Amino acid sequence: MSESTIGRRFEGQVALVTGSSRGIGLGIAKRLQVEGATVVLTARKPEPLAETVAEFPDGTVIGIAGKADDSAHRAEVFDTIAEKFGRLDVLVTNVGINPVYGDTIDIELDAARKILEVNVLGTLAWIQGAVHHEGLKFRENKGRILSISSVAGQNPSKGIGLYGVSKAAVAHLVKTLAVELGPDIRVNGIAPAVVKTRFATALYEGREAEVTAAYPAGRLGTPEDIGAAAAYLTSSDSDWITAQILTADGGLITAGGTA
Ligand SMILES: NC(=O)c1ccc[n+]([C@@H]2O[C@H](COP(=O)([O-])OP(=O)(O)OC[C@H]3O[C@@H](n4cnc5c(N)ncnc54)[C@H](OP(=O)(O)O)[C@@H]3O)[C@@H](O)[C@H]2O)c1
């Protein structure tokens, strides 16, 4: 990413990216910040989050640690944004978990419940919070919402079936809320295939060339790839785009592959 080719589409705007101390969330936060946004970062672990915050130019981001599925954490995040900045323009719901691998038919229901709680209800709760908090003026600001789904939510992926179910639900939530919240608020999603982050390590480490062979683009994704797509979908450049899930997969699905 060359900064000289990047615009300043978020000048004066405030963005919240959940799960952004590393990986895709950080890729999105960096791109929004470089383009002028003040960005609020979240993650569970305070220390790595503080280290990430320290990598940004002074005063351009803040970090608030907590669990995405904890209502007290969400309230703290929204109240802090309202008090400090008095506005929210962009919400990126990026947190998603996949704590179990194996056949869906054998999944422990408590594990399934946790995945759905964090990935689906967590996404919904963040969006409810942003839209309903009067101090954020989200609707007045023509707020934009972006939720991270997955290609595993489009076609079943072996070993991560329930995760795929949750990501299919995220995609449908995006469309449902886009219909409900227009014309003031736009809601879109991104469905990535394998992006090189800690989360996806098990899907490519030690066999990257073999995995990459299924991708017409000739490589796996990077957090910067998703950051660039996210900036488009949350900027005024995509003003007529809502209720869409952008498949960011290097052509994998079209070529008949699965993540
Ligand atoms: N990487 C891929 O190939 C891929 C493909 C499709 C979709 N996705 C989706 O992309 C999103 C981000 O994944 P990633 O690959 O960037 O993962 P990652 O590299 O593991 O980063 C996850 C980030 O979210 C934070 N986080 C995790 N669980 C959290 C929770 N319950 N509450 C608050 N923060 C939490 C982590 O910090 P802490 O650990 O400190 O909480 C970290 O900052 C997920 O929704 C994932 O499903 C990823």
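This is a short walk through a predicted model, stop by stop, with something to select at each one.

**Start with the whole chain**

Show everything as a cartoon. You should be able to pick out eight helices and seven strands. Taken along the principal axes, the C-alpha atoms fill a box of roughly 45 × 45 × 40 Å. How does the radius of gyration fit a compact globule? For 259 residues, such a globule would come out near 18 Å, and the protein has 17 Å, which agrees. If you colour by burial, 45% of the 259 residues count as buried. Contacts reach a long way along the chain too: among those between residues at least 6 apart in sequence, 70% join residues at least 24 apart.

**Next, the sheet**

Now select the strands. They make an open sheet of seven, in the order S3-S2-S1-S4-S5-S6-S7, and the pairing is parallel. Which strands sit at the edges? Look for S3 (61-65) and S7 (245-248), each of which pairs on one side only. On average, neighbouring strands here are turned by 15° against each other, direction ignored.

Zoom in on strand S1, residues 14-17. Val 14 and Leu 16 point one way, Ala 15 and Val 17 point the other way, and all are buried. S1 runs parallel to S2, and four bridges join the two. To see one of these pairings, select Leu 16 together with Val 40, its bridge partner in S2.

Then move along to S4 (residues 90-93) and S5 (residues 144-148). This pair is also parallel, over four bridges. Select Val 90 and you'll find Arg 144 of S5 standing opposite.

**A helix across the strands**

Select residues 46-55, which form helix H2. This helix lies across S2 and S3, and runs at about 175° to S3.

**Around the ligand**

Bring the ligand into view. How many residues surround it? There are 28, and the closest are Gly 19, Gly 23, Arg 44, Gly 96 and Phe 199. Two elements give two or more residues to this shell: helix H1 (23-34) and strand S2 (38-43). Of these, H1 gives the most, with three residues. Try colouring the shell by residue type: you should get 13 nonpolar, ten polar and five charged residues.

**Along H1 to Gln 33**

Stay with helix H1 and select Gln 33, which lies in it. Is Gln 33 buried or exposed? It counts as buried, because it has 20 C-beta neighbours inside 10 Å, and 20 or more is what the label asks for. Leaving out residues up to four places away in sequence, Gln 33 touches Val 39, Phe 56, Thr 60 and Val 61. For a sense of scale, draw a distance from Gln 33 to Asp 79: the two are 46 residues apart along the chain, and their C-alpha atoms are separated by 21 Å.

**Last stop: Gly 227**

Finish in helix H8, residues 223-234, where you'll find Gly 227. Gly 227 is buried as well, since 24 other C-beta atoms lie within 10 Å. Which residues does Gly 227 contact, apart from its neighbours within four places in sequence? Select Gly 27, Ile 28, Lys 30 and Arg 31 to see them. Then draw one more distance, from Gly 227 to Asp 70: these residues are 157 apart in sequence and 26 Å apart in space, C-alpha to C-alpha.

How values were computed
Residues numbered from 1 in each chain as written. Predicted model: local features only at pLDDT ≥ 70, side-chain atom pairs only at ≥ 80, totals over all residues. Near = placed C-beta within 6 Å. Nonpolar A, V, L, I, M, F, W, Y, C, P; charged D, E, K, R; others polar. Pairing = 2+ DSSP bridges. Axes fitted to C-alpha atoms, helices over the stretch in contact; angles between N-to-C directions. Contact = placed C-beta atoms within 7 Å. Rg over C-alpha atoms; globule rule 2.2 N^0.38 Å. Buried ≥ 20, exposed ≤ 12 C-beta atoms within 10 Å, placed from the backbone.
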